[in-house]
Amino acid sequence: MTQEVATQTEQVVPDHWEPKIIGFLCYWCSYTGADGAGTARMKYAPNVDIIKLMCSGRIDPELITTAFANGADGVLVAGCHIGDCHYMEGNHKTMARMPLLRKILDELGIEPERFRHEWISAAEGAKFAQVVTEVSESVRKLGPLNWPQMLKDRGVGHGMDLKPWGE
Amino acid sequence: MGDNENSQATEKLKVGMYWAASCGGCDIALLEIGPHLLDLIQIADVVFWPCAADFKYQHVADYPDGYIDVCFFNGAIRTSEQEELARLLRKKSKSLISFGECAIDGGIPSLANLKTVEGIFDASYHNTPSIDNPDGVEPQPITLVEQGELEIPVFYQQVLRLKDIVQVDYEIPGCPPQGDRVWEAIVAVTGGAVPLTNSAVKVACFDKSVCDECPLEKKLEKIKEFKRPHEVRPEPDWCLLEQGIVCMGPATRSGCGALCIKGGLPCRGCYGPSGTVEDQGTAMVSTIASLLDATTEDRAKELIDQIVDPVGTFYRFSMASSHMKTAR
């Protein structure tokens, strides 16, 4: 019984591909900042899907790997500046988690540009617009990540569908 | 031990065990049930166990479907041979049990997912000082010789878990699983206390983390410096993590009785992610980062840089079960 090793196919960027970026924003600062950017009718890239959480300290690194593993091309994490946390020191945890997670993502072969961590206050709508535009441009340059397809090509979930031994 | 050809006691249970990508420690761990091994032989016949008895694959292929009552499968799936055997044993077994961390979460072999196949072959057959391979020969799935074709199993792109290939009924975690727990699980499955078929239910362990069984005391102090286990003699009765020794306890399933910690070493995470955790590594990122004694970003980064090989440490036993499953 012979079976070709599934080789990783050359990545083809589809014609109308747009980067899909998941933005985890804290409720008190960054989401309000994003809201401000919208209210002020600032122009920014439409590629970030925002998920609002009560605190950036709630952004479990597990959420970020879930996003990447399920097909996000990039992830943006934003919270209150250090010292501004509504819950006193929720963002101190974010401050330490994100660099450690970045180390892990680097080793897994995810380019650093795909993962952005910023402090955005409620008054910094302009910064939010700028960060979103920057992150979607840098992800656009890198092309799709498409983790689920890669896992599928490598046989996760179904193996190589070989018949049982002896058949 | 019974042979399939002259087994007289047909009413006895039929038990099999197979090893795939594993070290063989799980086969030995089954012997760790000690005197209960005699009890096991009282109630069951071994019909397949490459480590201990001389059965050929053809014997198994000749069994009728569902002939084996309980089959323990240890080891991850790296080659086509292992996948074929996984599918064969699934067909021939009423209950297929992932035995040990490699079959459940990929275990140590799945750390190879951090490297490419080319990199692995390069290290194994070319660029290692002890290798003498002037012609640069690499194993090929098919080799043509005078007598015909020679075939060896295909090496896959990455390490897979048993449940990536076939449906699994129960999982006994651990590297290796603890003997007492294993015997409890065997009694439960063979004694009919639980159904033979199920959906990858974890047995012989608990849902809570190792901290739940750990005898050490937390003093609610923050980590001021990271140290490796060989560099320091830890203070007794004080949480190792708070002493700056990376201990996987908070993210790891309990059931071992905190054996390593009682022996003065940090938990290595061998029971895989605990019941409330999907991804052991990121759970550990979350835990460790929230314990740092840092109020500025620079200080946090300085402390983080002291952690040696975070991926290899946090995902030591569960890379194939993590969200990302592999490096690119």
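**Exercise 1. State how many residue pairs are in polar contact across the interface of chain A and chain B, and describe what chain A brings to that interface.**

Solution.
Step 1. Across the interface of chain A and chain B, 19 residue pairs are in polar contact, counting pairs with both residues at pLDDT 80 or more. The model is a predicted one.
Step 2. On the side of chain A that touches chain B, α2 (61-69), α3 and α5 (147-153) each supply at least two residues.
Step 3. Of the elements of chain A, α3(A) gives the most to this side, with eleven residues.
Step 4. The contact involves 47 residues of chain A and 52 residues of chain B.
Step 5. Between the two chains about 4,600 Å² is buried, and carbon and sulfur atoms give 64% of that area. In chain A, the residues that lose the most area to chain B are L100(A), R154(A) and W165(A), together 18% of what that side buries.

**Exercise 2. Find how many salt bridges are counted between chain A and chain B, and examine the one formed by D305(B) and K103(A).**

Solution.
Step 1. The count between chain A and chain B is three salt bridges, while the structure holds 22 over all chains.
Step 2. One of them pairs the side chains of K103(A) and D305(B), at 3.4 Å from N to O.
Step 3. Accessibility is read next: D305(B) is exposed, with a relative accessible area of 55%, and K103(A) is partly exposed at 27%.
Step 4. D305(B) lies in the loop between α10 (297-304) and α11 (310-314) of chain B and K103(A) lies in helix α3 of chain A, so the pair joins two chains.

**Exercise 3. Set out two salt bridges within single chains, K20(A) with D49(A) and K92(B) with D65(B), by location and accessibility.**

Solution.
Step 1. The side chains of K20(A) and D49(A) meet at 2.8 Å, N to O. K20(A) is in the segment before β1 (21-26) of chain A and D49(A) is in strand β2 (residues 48-53), 29 residues apart.
Step 2. K20(A) has 42% relative accessibility and counts as partly exposed; D49(A), at 33%, is also partly exposed.
Step 3. In the salt bridge of K92(B) with D65(B), the closest N and O atoms are 3.1 Å apart. K92(B) belongs to helix α4 (residues 80-92) of chain B and D65(B) to the loop between α3 (57-62) and β3 (68-74), so the pair ties together parts 27 residues apart in sequence.
Step 4. The cut-off for buried is under 20% relative accessible area. K92(B), at 6% relative accessibility, therefore counts as buried.

**Exercise 4. Identify which members of the largest nonpolar core touch the most other members, and trace the contacts of F314(B).**

Solution.
Step 1. The largest nonpolar core has 112 residues, and I64(A), F73(B), L89(B), I288(B) and F314(B) touch the most other members.
Step 2. Helix α3 (residues 90-107) of chain A gives the most to this core, with seven residues. From chain B, domain 1 (3-109 + 157-202) and domain 3 (210-321) each contribute at least three residues.
Step 3. Leaving aside neighbours within four places in sequence, the contacts of F314(B) include L100(A) and I104(A) from chain A, and M248(B), M284(B) and I288(B) from chain B.
Step 4. Another core, of 15 residues, lies apart from the largest one; among its residues are L25(A), L76(A), I120(A) and V135(A).

**Exercise 5. Decide whether N91(A) is buried or exposed, and list residues in contact with N91(A).**

Solution.
Step 1. N91(A) lies in helix α3 of chain A.
Step 2. The relative accessible area of N91(A) is 0%, so N91(A) is buried.
Step 3. Beyond neighbours within four places in sequence, N91(A) is in contact with residues including C55(A), S56(A), H81(A) and W119(A).

Key. Residues numbered from 1 in each chain as written. Chains lettered and ligands numbered in written order. Predicted model: local features only at pLDDT ≥ 70, side-chain atom pairs only at ≥ 80, totals over all residues. Heavy atoms only, no water. Core = buried A, V, L, I, M, F, W, Y, C linked by side-chain atoms within 4.5 Å. Buried < 20%, exposed > 50% of the residue type's maximum accessible area, 1.4 Å probe, protein only. Helix = DSSP H or I, 4+ residues; strand = E, 2+ residues; numbered from the N terminus. Domains from an automatic or database assignment. Contact = heavy atoms within 4.5 Å. Buried area = accessible area lost by both parts, 1.4 Å probe. Salt bridge = Lys/Arg side-chain N within 4 Å of Asp/Glu carboxyl O. Polar contact = N/O pair within 3.5 Å; in protein donor to acceptor, adjacent residues only side chain to side chain.
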